[in-house]
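Subject: The structure I promised you

Hi,

Here is the structure I said I would pass on. Have a look at it first, and then read my notes underneath.

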2 protein chains.
Amino acid sequence: MTQAASLSQFRTGVAGGPSLAACAALAQSLRLGAGEIAPLPRGKSALVHIVSGAAKLVAQAAAEREQVTAFNFAGDLVLVPGSGPHAYVLHSLVECELTVFPYEALREVVADDPAILARLLDNCDAALGRCREKALMIGRKTASERMAGFLVMMAARIGVPHGDMTLLDLPMSRRDIGDSLGLTIETISRQFSLLRDDHMIATEGRSKVMLLDFAGLRARAGHLAEAPAAFSSEFALDQC
Amino acid sequence: MTQAASLSQFRTGVAGGPSLAACAALAQSLRLGAGEIAPLPRGKSALVHIVSGAAKLVAQAAAEREQVTAFNFAGDLVLVPGSGPHAYVLHSLVECELTVFPYEALREVVADDPAILARLLDNCDAALGRCREKALMIGRKTASERMAGFLVMMAARIGVPHGDMTLLDLPMSRRDIGDSLGLTIETISRQFSLLRDDHMIATEGRSKVMLLDFAGLRARAGHLAEAPAAFSSEFALDQC
DNA sequence: CGTGTTATTGAGTTGTATCAATCCCAGTGG
DNA sequence: CCACTGGGATTGATACAACTCAATAACACG
């Protein structure tokens, strides 16, 4: 039961509140193929639990001008805004299992359940923190720094340790990365080439990237220090 | 009593929960002159209530490379992150009265108070929505669109209606605006001049801006439609 | 009425976008 | 198993929006 898995995400680990059953009534399971758009109710916000797979949350400024707000992987909770200055859609990157909760209705149901509210707040805090970091990255960093920052973030999310190196199998295209970092597909490609020339990464095929010099990448990203636990939380809403 | 004013912000309007007294014990009042940095505990997150005045939340990438994450005005709640890939500071723009709550401690105190948690979550949702809009703005819009978007946002925040026009008295410098939009001070100045040439604004002194054509500005910003209520909420955390 | 700070304007530079031409890979079907 | 094929990726040439440097102007303050 994928819904059961999603509901268990709301528990704090101590005990399920009395509103869990009510949440279950709201939940809707969904299965998407690769590259599909999640069919969410228009005009209403949705809280989406990624049971398996990977997706991107996209803000649409215009045709050919999209901003990837966040990449999301199995276990993530994504809040998809239903209204605002721009439209948001959730795209699957690979085959996905999702559980969708109408957000406003969910909030009413859990209004008296401090454990679930606290859980949601924790994740909203984390998402806000990452979104702010992203704004800084896009607003005040060079293409080279953004690229390094992206790889460091992805390593924390889906990196597989290989000795002192990290292997990434990126489910997103160069275009997706560009739309996430506010750069073009060509600039992304050039940055990959530069990182390869500098022996900081090695690539294989379109998607596999081996991080050869993690400290070097972090330095290039211009981070203060190692990212804190909140940025690699298992139960993380809205990963960037 | 400014602390009393801050605490009242946590109530939902129905009734104060039992944890309000505990919140009061954590609160610390602060008064800043113009252009000061709020002395917040290092390494810990703080929730700051702007009782009066105006402030900016700044993320520091490096010297001369700062990103203004949000501008905040009287009534706002700002969550200042204590740790992360970059350092954050809260700068006053004018004389300010603040109430500071250590965020982690506050969260423990209100852990069983669903009303306050819901309030905090509402505001975190709103802040996340605005931060996402900002990321889109910085990542995928031209200088002209960003400038227009900034003025539209400020109008919703501190605009004073004058007939069918809106008067702004901006408390921030051109540098602050540039640091907020990911542009330089010179580009901001040139955009002001262009908007003046196009008869969309009129300026007086450094800080006063009259918006002559609000619909035109919103069109230039590339927004879908009118900004929803959530973006001009009275009780708004972390206004961008 | 100075005086220092902030804003404006101009001239030139640069990083990234754009346009365009291969190249490479992952499927697909023979 | 291998050639075919089409979309993504890479690389190069050029354009342009915003940055940088610099000089002047406007404002706010004492």
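Which domains does the domain assignment give for chain A? There is domain 1, covering 3–123, and domain 2, covering 142–221. Before you go further, keep in mind that this is a predicted model.

**Inside chain A**

Let's begin with how the two domains sit together. The C-alpha centres of domain 1 and domain 2 of chain A are 27 Å apart. Their contact involves 10 residues from domain 1 of chain A and 11 residues from domain 2 of chain A. About 910 Å² is buried between these two domains, and carbon and sulfur atoms give 58% of that area.

What about charged pairs? The interface between domain 1 and domain 2 of chain A has two salt bridges. If you want one to look up, try A:Asp176 with A:Lys56: they form a salt bridge in which the closest N and O atoms are 2.6 Å apart. Five residue pairs are in polar contact across this domain interface, both residues being at pLDDT 80 or more.

On the domain 1 side, the elements that give two or more residues to the part touching domain 2 of chain A are β3 (54–62) and β4 (65–73) of chain A. The largest share comes from β4(A), with five residues. Sorted by class, that side of domain 1 of chain A has six nonpolar, one polar and three charged residues.

**Chain A meets chain B**

Now for the two chains. How many residues of chain A are in contact with chain B? The count is 53, and they touch 53 residues of chain B. The size of an interface is often given as the accessible area lost when the parts come together. For chain A and chain B, the buried area is about 4500 Å², with 60% of it from carbon and sulfur atoms. On the chain A side, the residues that lose the most area to chain B are A:Pro85, A:Arg132 and A:Arg140, which together make up 19% of what that side buries.

Eight salt bridges cross the interface of chain A and chain B. One of them links B:Arg107 and A:Asp122, where the closest N and O atoms are 3.0 Å apart. There are also 28 residue pairs in polar contact across this interface, both residues at pLDDT 80 or more.

Which parts of chain A do the touching? The elements giving two or more residues to the side that meets chain B are β3, β4, β6 (87–92), α3 (103–109), α4 (114–140) and α6 of chain A. Of these, α4(A) gives the most, with 19 residues. By class, the side of chain A that touches chain B splits into 27 nonpolar, 12 polar and 14 charged residues.

**The DNA strands**

Take DNA strand D to start with. It is surrounded by 18 residues, and the closest are A:Arg174, A:Ser193, A:Arg206, B:Ala143 and B:Thr187. Sugar and phosphate make up 60% of the strand D atoms that come within 4 Å of the protein. Two of the contacts go to phosphate oxygens of DNA strand D: an N or O atom in the side chain of A:Ser193 is 2.3 Å from one, and for B:Thr187 the distance is 2.4 Å. A:Arg206 has a polar side-chain atom 2.7 Å from a base nitrogen of DNA strand D.

Helices α6 (174–181) and α7 (185–197) of chain A, along with α7 (185–197) of chain B, each supply at least two residues of the surface near DNA strand D. With five residues, α7(A) gives the most. That surface has two nonpolar, seven polar and nine charged residues.

On to DNA strand C, which also has 18 residues around it; the closest are A:Ala143, A:Thr187, A:Arg190, B:Arg174 and B:Ser193. A polar side-chain atom of A:Thr187 lies 2.3 Å from a phosphate oxygen of DNA strand C. The side chain of A:Arg190 has an N or O atom 2.9 Å from a base oxygen of DNA strand C, while B:Arg190 has one 3.0 Å from a base nitrogen of that strand. The elements giving two or more residues to the surface near DNA strand C are α7 of chain A and α7 of chain B. The largest share, six residues, comes from α7(B).

Happy exploring!

Methods:
Residues numbered from 1 in each chain as written. Chains lettered and ligands numbered in written order. Predicted model: local features only at pLDDT ≥ 70, side-chain atom pairs only at ≥ 80, totals over all residues. Heavy atoms only, no water. Near = heavy atom within 4 Å. Polar contact = N/O pair within 3.5 Å; in protein donor to acceptor, adjacent residues only side chain to side chain. Helix = DSSP H or I, 4+ residues; strand = E, 2+ residues; numbered from the N terminus. Nonpolar A, V, L, I, M, F, W, Y, C, P; charged D, E, K, R; others polar. Domains from an automatic or database assignment. Contact = heavy atoms within 4.5 Å. Buried area = accessible area lost by both parts, 1.4 Å probe. Salt bridge = Lys/Arg side-chain N within 4 Å of Asp/Glu carboxyl O.
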